[in-house]
Amino acid sequence: MSSAAHDGTIESHSLEVETYPPSAEFAEQANVHDSSVYWRAAEDHEAYWASRARDLQWTKPFTEVLDWSNPPFAKWFQDGELNVAANCLDRHIAAGLADRVAIHWEGEPGDTRTITYGELTHEVKRAANMLTALGITQGDRVAIYLPMIPEAVISMLAVARLGATHSVVFGGFSADSLRSRIDDAEAKIVITADGGYRKGRVSQLKPTVDEALALEGNGSPLSVEHVLVVDRCGSEVAMQPRRDLWWHEEISAFDGEHTAKGFPAENPLFILYTSGTTGKPKGILHTSGGYLTQVTATHNDVFDLKPETDVFWCTADVGWVTGHSYIVYGPLANGATQVMYEGTPDTPDWGRWWQLIEKYGVTIFYTAPTAIRACMKVGRQVPEQYDLSSIRLLGSVGEPINPEAWRWYREVIGAGKAPIVDTWWQTETGAIMVAPLPGLTRLKPGSAQVAQPGIDLNVVDEAGNRVDPGQGGLLTIRKPWPAMVRTIWGDDQRFIDTYWEKFGDQYFAGDGARVDKDGDVWLLGRVDDVMNVSGHRLSTTEIESALVEHHAVAEAAVVGADDETTGQAVVSFCVMKSQQELLSADDAEAALKKHVADTIGAIARPRNIYIVSELPKTRSGKIMRRLLKQVAEGKEVGDTTTLADTVAITMIQQQVNTTR
Ligand code: PRX
């Protein structure tokens, strides 16, 4: 395995693995079966993307493809106009597909809804009328804090239909995190539900919204005028008169008549917050025409989608970018039929996903390595009880997939023959950037393999020069791409500093990578202070700030330690204030874990908290997180010559080893 260390050095040892060419049968029917697409796209990348963009429906065709006159602020198809929601809905109705199932939705308790394109279009039009009546127009921001229910998709599309901008906040985030996102985007409406079903219980959401809106905020007046509440669980919730409205009551006043207007290609479509290397999450801004072009094209090519016959299932939550691009916009723009599931894979037992694949005849399944590894642990006897013969392609996203998990996935879920597409991309890239094309690529377990046509990828050294094959380096993208982040909401300077400062004209992704002698890309993990836990990005700095905000904590250091199941796990080392030393370590540990979960969200809860008397520091006072990571992973501590003294790290090592 290879990994990127905290300080940017990259360890990579060549792995010789077996390869799997596409079967003749698969290659023959593949959407992309002519490899000349790569060089044609490289020769004229604007012409390539323009042709993909023309597959969409434009109310006003574009004449200019790319304006890169003011880098790094790209404008794609900017004089064109389109309606993103109409591309996902009305266009299919006009093509006679109203009766095609768009979503086979399954609630965790087992309740189901089958929603055709006709019904989805009708509901989105009603929701758009409801939002219009509540004052939402082009450019307004709407926060969405919902479980995995159809109203999440309906809300996103209704907002898009009006030319407004959504900011979906994952339901696992705390009141604090929700409020800071609401404030940053100045959202006028929050769409939520009483709760959703998770692990057999109701996981409440509305009380968190109430708590968020009652917080002090950033000093500006609260932007939120209304909270729309979907009644998912029938639980008792407090409704504040005038501010809070039941979705079902409000929408009942509206019919399904609504004509979609075209909006400029660069009209903001959504803001999605992601962790950066500093405490404050970044509001990644995506716009309309370019984003929709690339998610639609990659969904078609990488997943080899046949909308007439395939049943697609992406297990991500709509609160993450994967859900935006490959549950909502890509699949719906392509007229796909898909499965959407509310709950967790282990409820009522670990057979749930496989049972759903059998029930709906899922043909394309897209999930994360962390989930695959969890299923491996449970054992193949569980999926083997189900008929998974409908599966014809498997996908992976969120972190590198280790070859062992890759082989298990292919053998146990893919009957030893389904191609696996390992897709590398980011919230910022908006759409898949590196992945095999299943009809062309000789698959190599553990490698994300090749840049998609029209993507100009580079692996460089610290000076920005391309490194030789086999050498570790930093992943950059040289030419602008249609679904690229346009800016950080409200902070152009941070956008420049974060992604463009280092190499000037190349986008720096924050990942280490190496290209092997066949030209395949291997991702080596983050080279910055960002962790990847179960495929979700978490900032070490953000968790450290949360810990030191606790009244008992004097100092804190957080590292992402390798974890067999979740990829990385949050491990914290805290020094307590002197008067707090009387607290037992167990009590302190529990209190601090809860504090992090309350401040950021349950996803950030540390796996371990070690209460230590001192942190290892350099002579200039910098915490040596690299050494802490090695200790947390049970490894030998490497070079300690820059430490002021070695006592602290030795003591921490003893402490960690005795609790291991
Ligand atoms: O480090 C890379 C890792 O996840 C980061 C992006 O996280 P996020 O914006 O939350 O988006 C996740 C879903 C697209 C990347 O910088 N990552 C994502 N996919 C892969 C990956 N690392 C290796 N292989 C992948 N397939």
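D505 is found in the loop between helix α16, residues 492-499, and strand β26, residues 507-515. This is a predicted model, and what I report this morning is computed from it. Is D505 buried or exposed? At 56% relative accessibility, D505 counts as exposed, because the cut-off for that class is over 50%. Leaving out residues up to four places away in sequence, D505 touches R478 and W500. One separation may help you to orient yourselves: the C-alpha atoms of D505 and D587 are 50 Å from each other, and these two residues are 82 apart along the chain.

Let me turn to the domains. The assignment for the protein chain gives domain 1, which covers 24-344 + 423-512, and domain 2, which covers 528-659. Taken over C-alpha atoms, the centres of domain 1 and domain 2 are separated by 34 Å. To the contact, domain 1 contributes 19 residues and domain 2 contributes 16 residues.

How much area is buried between domain 1 and domain 2? The figure is about 1300 Å², and carbon and sulfur atoms give 47% of that area. As a general remark, the accessible area lost when parts come together is often quoted as the size of an interface.

On the polar side, the count between domain 1 and domain 2 is 10 residue pairs in polar contact, with both residues at pLDDT 80 or more. The side of domain 1 that touches domain 2 divides into 4 nonpolar, 12 polar and 3 charged residues. Between the two domains the count is 1 salt bridge. The side chains of E428 and R537 meet in a salt bridge, at 2.9 Å from N to O.

I now move to salt bridges in general. The count comes to 43 salt bridges, and I shall describe a few of them.

My opening example is the pair D90 and R161, whose side chains meet at 2.8 Å, N to O. D90 lies in helix α5, residues 90-94, and R161 lies in helix α7, residues 150-161, so this pair ties together parts that are 71 residues apart in sequence. R161 has a relative accessibility of 1% and counts as buried.

Helix α7 enters the next example as well. The side chains of R113 and E151 form a salt bridge at 3.3 Å, N to O. R113 belongs to strand β7, residues 112-116, and E151 to helix α7, so the pair ties together parts 38 residues apart in sequence. How accessible are the two partners? R113 is partly exposed, with a relative accessible area of 33%, whereas E151 is buried, at 10%.

A further pair is D304 and R392, with a salt bridge of 3.0 Å, N to O. This pair links distant parts of the chain, 88 residues apart: D304 sits in the loop between α11 (289-302) and β18 (311-314), and R392 in the loop between α14 (369-378) and β21 (393-397). D304 counts as buried at 1% relative accessibility. R392, at 19%, is buried too, because that class takes in values under 20%.

Salt bridges also join up into a network, and K206, D210, R243 and D244 are linked in this way.

Let me come back to D90 from another direction. T121 lies in helix α6, residues 117-133, and is buried, with a relative accessible area of 5%. Which residues is T121 in contact with, leaving aside its neighbours within four places in sequence? They are L89, D90 and I93. D90 thus appears here as a contact of T121, having already appeared as the salt-bridge partner of R161.

My final topic is helix α15, residues 403-413. This helix is mostly covered, as 8 of its 11 residues are buried. Which residues are these? They are P403, A405, W406, W408, Y409, R410, V412 and I413. What covers the buried residues of α15 includes α13 (352-360), β20 (364-367), α14, β21 and β22 (420-423). Two of these elements, α14 and β21, are already familiar as the ones on either side of the loop that holds R392. After α15 comes A415, whose phi is positive, near 50°.

That concludes the presentation, and I thank you for your attention.

Technical notes. Residues are numbered from 1 along each chain as its sequence is written. This is a predicted model: local features need pLDDT of at least 70, side-chain atom pairs count only at pLDDT 80 or more; totals for chains, interfaces and linings use all residues. Side-chain values use heavy atoms; hydrogens and water are left out. Domain bounds come from an automatic or database domain assignment. Contact means heavy atoms within 4.5 Å. Buried area is the accessible area (1.4 Å probe) that two parts lose on being put together, summed over both. A salt bridge is a side-chain nitrogen of Lys or Arg within 4 Å of a carboxyl oxygen of Asp or Glu. A polar contact is a pair of N or O atoms within 3.5 Å; within protein, one must be able to donate a hydrogen and the other to accept it, and residues adjacent in sequence count only if both atoms are side-chain atoms. Ala, Val, Leu, Ile, Met, Phe, Trp, Tyr, Cys and Pro count as nonpolar, Asp, Glu, Lys and Arg as charged, and the others, Gly among them, as polar. Helices (H or I, at least four residues) and strands (E, at least two) are DSSP runs, numbered from the N terminus. Buried means under 20% relative accessible area, exposed over 50%, partly exposed in between (1.4 Å probe, protein chains only).
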